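Let us go through some of the words used for a structure of this kind and ask what each of them rests on. Each answer sets a value beside its definition.

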Amino acid sequence: MFHRTLDPFPKDFLWGAASAAYQVEGAWDSDGKGPSIWDAYSQIKGNTFEETDGKVAVDHYNRYKEDVKLMKEMGLKAYRFSVAWSRILPKGEGEVNEKGLEFYENLIDELLENDIEPVLTLYHWDLPQALQDRYKGWESRQTADAFVEYCRVLFERFGKKVHYWITMNEQNVFIPLGYRWAGHPPAITDLKRMYAANHIVNLANAKAVKLFHELVPTGMIGPSFGYGPMYSYSCDPEDVLAADNGDMFNNRFWLDVYCKGKYPKFMLKQLEKNDLAFEITSEDKKTLAQGKPDFLGINYYHGGTAKQNHFETGKRSDKSFSKVDPYLMQAEKNETAPEEMMFENSSNPYLKKTEWGWEIDPVGFRITLRRVQAEYDLPVFVTENGLGAFDELIDGQVIHDPYRIDYLKKHLLEMQKAITDGVEVIGYCAWSFTDLLSWLNGYKKRYGFVYVDRNNQEEKELARIPKDSFYWYKKVIETNGTSLQEEE
Ligand code: BGP
């Protein structure tokens, strides 16, 4: 679809940036916080890149005022952050830690005083270790119940101050990485257990949404999903069918549950045939049907390309993806894996890649937004999008990051085209505001608008230094996106 002119961004568009508790806060055991599964996992040698952990991270816990001041200077309209569950309930359930609540209350107040809309994520992967020990984490329905009680504490405390809430961050990433690929805690490699745990997270999500609607009727809540559009490698109908399977396997298996309240039938049948079916009680069906969100959070980095699987063609084609790429998970050798019978991943000859091998695909962003609008018809909140790169601090004061500006600009223009097509996008949070700890890449892979002067080994002064992209995004916000169409 070609547009001679693009629609302007909506008047109250939420220009934002995002972070997650474990990746920025530090203060891992301060003021009564209990350990999370990431605190424990990162202490085992070899689990993380150069043994990096979130003990100090970028010390946002102690420097949140300084960070909010920079957000204000940039003109940010929204800041997405997550709450560390084990700050609120050190054991995951039971006693509430007032000091933990105070920290988030202060942060929320600071944001509001500076006219920045808080966007609160309830779960960004840092499950309290106590729940892992006591119930085997997401493998138990008791953890889902504990999650709902944790949410209740936050809904009651912040329901009047926070309008936008995110339930689960990228369930489609933390579940496979935690229970299949052993790239995240609890580092399990068992498909059957993975699908069972995933179902429990779905129940927790739906129950939290339902409770939210009872307690905070004026607010809005939704999950953040890591969406990757699936392309067909060729116009061979067999490849088109494979891409459809890929879409079901990677996207609809989660999104249908969130937005339609039930699993896609083809996928359930496929799991049954592979002896991977999980228990869905009639009570569960009711629960899922009651969890419809108010908006859909979309995290977009890249998609994937599918061709007919090798069982059908009789030969195996190229395998160019690493086992733990969170957006393209495919079994290498395990031929009983369900997706092996459905499609095969392939690289896309049209796309360049980042320094970390992720495809750069701004048009895929427009495709993403159009597909989710067409299929689920909910307002979309882009809750993550950004470029991970090596940044160089020059003379201790400047960071020139034209590659990040170029990446963001192209994505934002495609988003504007999607809006012009008819997609209802309410906000956009770039990943990330400050540099932060990358789960598996330490401080080398940077995403922020604000450089944080530390590296994997040394914390140094943790000085905050705005990058060129900071000033560029400031202008985008000031002009409500019109600067995007100006020639540089
Ligand atoms: C998403 C996560 C974020 C962030 C981002 C970049 O999947 O929700 O928390 O980490 O990816 O990932 P990485 O740091 O691995 O490049």
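Q: What makes the pair formed by the ligand and the side chain of Ser-438 a polar contact?
A: In this predicted model, an oxygen atom of the ligand is 2.5 Å from an N or O atom in the side chain of Ser-438, and a polar contact is a pair of N or O atoms within 3.5 Å, so the pair qualifies. The protein buries 95% of the 380 Å² that the ligand exposes when taken alone.

Q: What makes the pairs of the ligand with His-124 and Tyr-447 polar contacts?
A: The cut-off is again 3.5 Å between N or O atoms. For His-124, a side-chain N or O atom is 2.8 Å from an oxygen atom of the ligand, while for Tyr-447 a polar side-chain atom lies 2.5 Å from a ligand oxygen, and therefore both pairs count as polar contacts.

Q: Which classes of residue make up the shell around the ligand?
A: The shell has seven nonpolar, five polar and three charged residues. Of these 15 residues around the ligand, Gln-23, Glu-170, Ser-438, Lys-445 and Tyr-447 come nearest.

Q: Why are the buried residues of helix α12 said to be on the same side?
A: In α12, which spans residues 282–289, the buried residues are Asp-284, Thr-287 and Leu-288. They cover an arc of only 95° around the axis, and therefore lie on the same side of α12.

Q: What covers the buried residues of α12, and which exposed residues does the face turned away carry?
A: The cover includes α7, α9 and α10, whereas the face turned away from the buried side carries the exposed residues Ser-282, Lys-285, Lys-286 and Ala-289.

Notes:
Residues numbered from 1 in each chain as written. Predicted model: local features only at pLDDT ≥ 70, side-chain atom pairs only at ≥ 80, totals over all residues. Heavy atoms only, no water. Near = heavy atom within 4 Å. Polar contact = N/O pair within 3.5 Å; in protein donor to acceptor, adjacent residues only side chain to side chain. Areas by Shrake-Rupley, 256 points an atom, 1.4 Å probe, with all protein chains shown as cover. Nonpolar A, V, L, I, M, F, W, Y, C, P; charged D, E, K, R; others polar. Buried < 20%, exposed > 50% of the residue type's maximum accessible area, 1.4 Å probe, protein only. Helix = DSSP H or I, 4+ residues; strand = E, 2+ residues; numbered from the N terminus. Arc of directions from axis to C-beta. Contact = heavy atoms within 4.5 Å.
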